[in-house]
Amino acid sequence: MGRPRNPDPKLKASIAACALRIVEHSGVASASLRSVATAAGVSANAPYHHFPAGIAEILGTVAMTGFERLREFIGRRTVNKSGVDHAFEVFERFVQFGVEHAELYRAMFHASLARPLAATTADQKGAATFQQLNLLKFLAYDDLVAPLARLREQGLLRGTDAHAASGLAFAALAHGLVGQFIDEGVLLPESSGEPWSPARQAMTAEVADSLLNGLMSSSAQQILPDTEPDDPAATMRPADDPSWRLYPETFLEFFPESNSLWIDLRQPLSLHVQGLLADRGLPASFVVLTANNPRGQSMSPEENIQLRDALRLRVREAGLMSVQVDGVSPDGRHREQGIAVALGREAAVQLAREFGQSAYFAYAGGAFSIVGALVETPDLRLPR
């Protein structure tokens, strides 16, 4: 096939697509000008007409596709829109993408791209490709550290710039963890045969937890209020909590903003609703806790965010999984963010007391109950 006088966009796209398939199926080492040209059905010299920098530019185009897919994967609709949990979610998605697309991920960070990326000038062959790739790498980095930037705005993160040392540590750890998983580094080999196995997912959560605990400011890690759970002075009467009478009137919204499930605690739970809870992965018994407005006293949105994130960190430190549940008033004007977590009564009472909560909701036997924490009162099975 002769060289066309002018670059053919369709042929250029075809060559790039063939290179992508070779990388994904056989690895970046198998992607040469000859192998790409053969796969595309063109002469060995034809790729130069569309990619003047040769195989480096072709790999750059493959890497661009990888970063576009990575950004799409990170940016998919998130369960947690802000706070520490969003940082965990984005970190985990980055690692999952790398593990599930190992060969493409290697191509995205291949050493052959380092020199042209570091010296993209107007007269350099393939300059437009490398400049675009540089931009996509920056945007992917920005997507990864965006949750840290929001934590910094809330005063929950150490340092002055989430894109500097904190962001670099966050990105470097995620990148390094992908390398450990896909190249079976110092970690034990994965025996399940699944690239993104439950063991690797759990390890990713533990690594992210260790890093975020170091990045968070001391105020974010502080647990309020500082009282002993069994201290009689910390207990309350129902009348001491202005919102006590509203507990039985609450709506619970599970998985807000992500195919949410609403439960009206004023009504008995039907078998259908019980089945929906089970279908969403919730256990047969769990508790719903919040850290907002301790002792029934209204706090600022910023203070409630800090308390909410401290509660989530505490649960993660205990090695427990949780899902977001919001308590909402019947008129929709009042909302408190909380979590559902599988905890026994003693542990739930202690945790609720540490965060200054009068009570919490417990689910068991197909029904919810109000269980006192700071307020010492018999359990109230709902609906009232």
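This is a short tour of salt bridges, strands and aromatic contacts, to follow in your viewer. Keep in mind as you click that the model is predicted.

**Stop 1: salt bridges**

The structure holds twelve salt bridges, and we will visit a few of them. Select arginine 71 and aspartate 143 to begin: they form a salt bridge whose closest N and O atoms are 2.6 Å apart. Now colour the two helices involved. Arginine 71 belongs to helix H4 (residues 55-74) and aspartate 143 to helix H8 (residues 127-153), so this pair ties together parts that are 72 residues apart in sequence. If you switch on a surface, arginine 71 is partly exposed, at a relative accessible area of 28%.

Next, go to helix H6 (residues 102-108), where you will find both glutamate 103 and arginine 106, three residues apart, or about one turn of the helix. Their side chains meet in a salt bridge at 3.1 Å, N to O. Glutamate 103 is partly exposed at 27% relative accessibility, and arginine 106 is partly exposed at 25%. Add Asp183 to the selection, too: Glu103, Arg106 and Asp183 are linked in a network of salt bridges.

One more pair before moving on: select aspartate 264 and arginine 266, whose side chains meet in a salt bridge of 3.0 Å, N to O. Is each partner buried or exposed, or partly exposed? Aspartate 264 counts as buried at 18% relative accessibility, whereas arginine 266 is partly exposed at 35%.

**Stop 2: strand S4 and its partners**

Switch to a cartoon view and select strand S4 (residues 322-328). Five of its seven residues are buried, so S4 is largely enclosed by the rest of the structure. Show strand S1 (residues 251-254) beside it: S1 and S4 run antiparallel and are joined by four bridges. To see one of the matched positions, pick phenylalanine 251, whose bridge partner in S4 is valine 328.

Now add strand S5 (residues 335-341), which runs antiparallel to S4 and is joined to it by seven bridges. Here, glutamine 324 stands opposite isoleucine 339 in S5. Follow the backbone from S4 to S5 and you trace a hairpin with six residues between the strands. Pause in the turn at glycine 332, which has a positive phi of about 75°.

**Stop 3: aromatic rings**

Show the aromatic side chains: the structure holds twelve aromatic pairs. Select phenylalanine 254 and phenylalanine 286, an edge-to-face pair at 6.1 Å centre to centre with 85° between the planes. Phenylalanine 254 is in strand S1 and phenylalanine 286 in strand S3 (residues 286-290), so the pair ties together parts that are 32 residues apart in sequence. Phenylalanine 254 is buried at 0% relative accessibility, and phenylalanine 286 is buried at 2%.

Keep phenylalanine 286 selected and add phenylalanine 368. Their ring centres are 6.1 Å apart with the planes at 75°, so this pair is edge-to-face. It links distant parts of the chain, with phenylalanine 286 in S3 and phenylalanine 368 in strand S7 (residues 367-372), 82 residues apart. Phenylalanine 368 is buried, as is phenylalanine 286.

For a group of rings, select Phe67, Phe94, Tyr105 and Phe109, which form one aromatic cluster.

**Stop 4: charges over rings**

Finish with two charged side chains. Which ring does the charged end of arginine 316 sit over? Select phenylalanine 88: the charged end of arginine 316 is 3.8 Å from its ring centre. Then go to lysine 12, whose charged end sits over the ring of phenylalanine 51, 5.3 Å from the centre.

Notes
Residues are numbered from 1 along each chain as its sequence is written. This is a predicted model: local features need pLDDT of at least 70, side-chain atom pairs count only at pLDDT 80 or more; totals for chains, interfaces and linings use all residues. Side-chain values use heavy atoms; hydrogens and water are left out. A salt bridge is a side-chain nitrogen of Lys or Arg within 4 Å of a carboxyl oxygen of Asp or Glu. Buried means under 20% relative accessible area, exposed over 50%, partly exposed in between (1.4 Å probe, protein chains only). Two strands pair if DSSP finds at least two bridges between them. Rings of Phe, Tyr and Trp (its six-membered ring) pair if their centres lie within 6.5 Å; planes under 30 degrees apart count as stacked, over 60 as edge-to-face and the rest as tilted. A charge sits over a ring if NZ of Lys or CZ of Arg is within 6 Å of the ring centre and within 35 degrees of the ring normal.
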